Amino acid sequence: MKWCGKCKVKIVGTENYCPLCQNELSKLDTIEEDLFPTAYKGTKERHMVMKVLTFLMTLVGIISVFLNILFPTNIWWALIVVVTLICIRISLSIAIAKHRSILKYLLHQSLIIIVLALFIDYVTGQHGWAVTFVLPIIFTLAMIVMYLLSKILHLQAGEYMIYLLLDALFGIIPVVFLVTNSVKTPIPSLVCIMVSIISVTALIIFEGSAMYSELKRRLHI
């Protein structure tokens, strides 16, 4: 780092003359700083969180398989659990790689899966399994993934506001299904509504002040 005695400013880099006044710079006895410091700490923490999540998901998958073997049923439900965990892990990896538009990515991914499920259900005779199971499960998984990513990527207040609106929307849609008797069993929809209420409540309690400040700033209040 160098010093301009005329402008009284510190200059980072290898320049010998001040870019403001062209005065000759003098070198300071300090550790040279990078122009663009590497965000190593954040990357290291992110990798550690992903390792912990991968371990926990693997643990849940192994326990599910052994429980399914010990207590057999007509449905191999452990396979569904394992495949779901793998999908969540893949979604997290892709989302982190595209973290600049993470919420948009999740919304688009959820909509694609939902539209595909509704189409298949319609073509195969409208049995109602897409509305009963696929939609509330996708909404629930989306809320869980968004929560995990909000902690990993440290979302800003503006992104938390979008997250809040999506959580509220994902909870309202299953309510419509229940009121209109569009589902064959209410359990998946009720679970989705419960997760939505918990997520919205947690956001308001823990991030409410930041979101309110951001809202005031945007509305110039």
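**Group meeting: a walk through our helical model**

Okay, let's start with one residue: Cys18 counts as buried, at 0% relative accessibility. Buried here means under 20% relative accessible area, exposed means over 50%, and partly exposed is in between, with a 1.4 Å probe and protein chains only.

Before I go on, a word on where this comes from. This is a predicted model, where local features need pLDDT of at least 70, side-chain atom pairs count only at pLDDT 80 or more, and totals for chains, interfaces and linings use all residues. Residues are numbered from 1 along each chain as its sequence is written, and side-chain values use heavy atoms, with hydrogens and water left out.

Back to Cys18. How many disulfides does the structure hold? Zero. A disulfide is a pair of cysteine sulfur atoms within 2.5 Å. For Cys18, the nearest cysteine sulfur belongs to Cys4 and is 3.7 Å away, so by that cut-off Cys18 is in no disulfide.

Now the overall layout. There are six helices and three strands, and along the sequence they run β-β-β-α-α-α-α-α-α. Those are DSSP runs numbered from the N terminus: helices are H or I with at least four residues, strands are E with at least two.

Next, the inside. Of the protein's 221 residues, 32% are buried. The largest nonpolar core has 37 residues, and Leu92, Met146, Leu149 and Phe170 touch the most other members. By nonpolar core I mean buried Ala, Val, Leu, Ile, Met, Phe, Trp, Tyr and Cys residues joined through side-chain atoms within 4.5 Å. Which helix gives the most to this core? That's α4, with 14 residues.

Let's zoom in on Phe170. Leaving out residues up to four places away in sequence, Phe170 touches Leu107, Phe139, Ala142, Met143, Met146, Cys192 and Ser196. Contact means heavy atoms within 4.5 Å. One of those partners, Cys192, is buried too, at 0% relative accessibility.

Finally, the outside. The protein exposes about 15000 Å², and carbon and sulfur atoms supply 70% of that; the areas come from the Shrake-Rupley method with a 1.4 Å probe. There's a nonpolar surface patch of about 880 Å², and its members include Met48, Phe55, Leu59 and Phe71. Patch residues have over 30% relative accessible area and no salt bridge, and nonpolar side chains are joined within 5 Å. A salt bridge would be a Lys or Arg side-chain nitrogen within 4 Å of an Asp or Glu carboxyl oxygen. Phe55 sits in helix α1 and is exposed, at 54% relative accessible area.

Note on methods
Patch = residues over 30% accessible without salt bridge, like charges linked within 9 Å, V, L, I, M, F, W, Y side chains within 5 Å.
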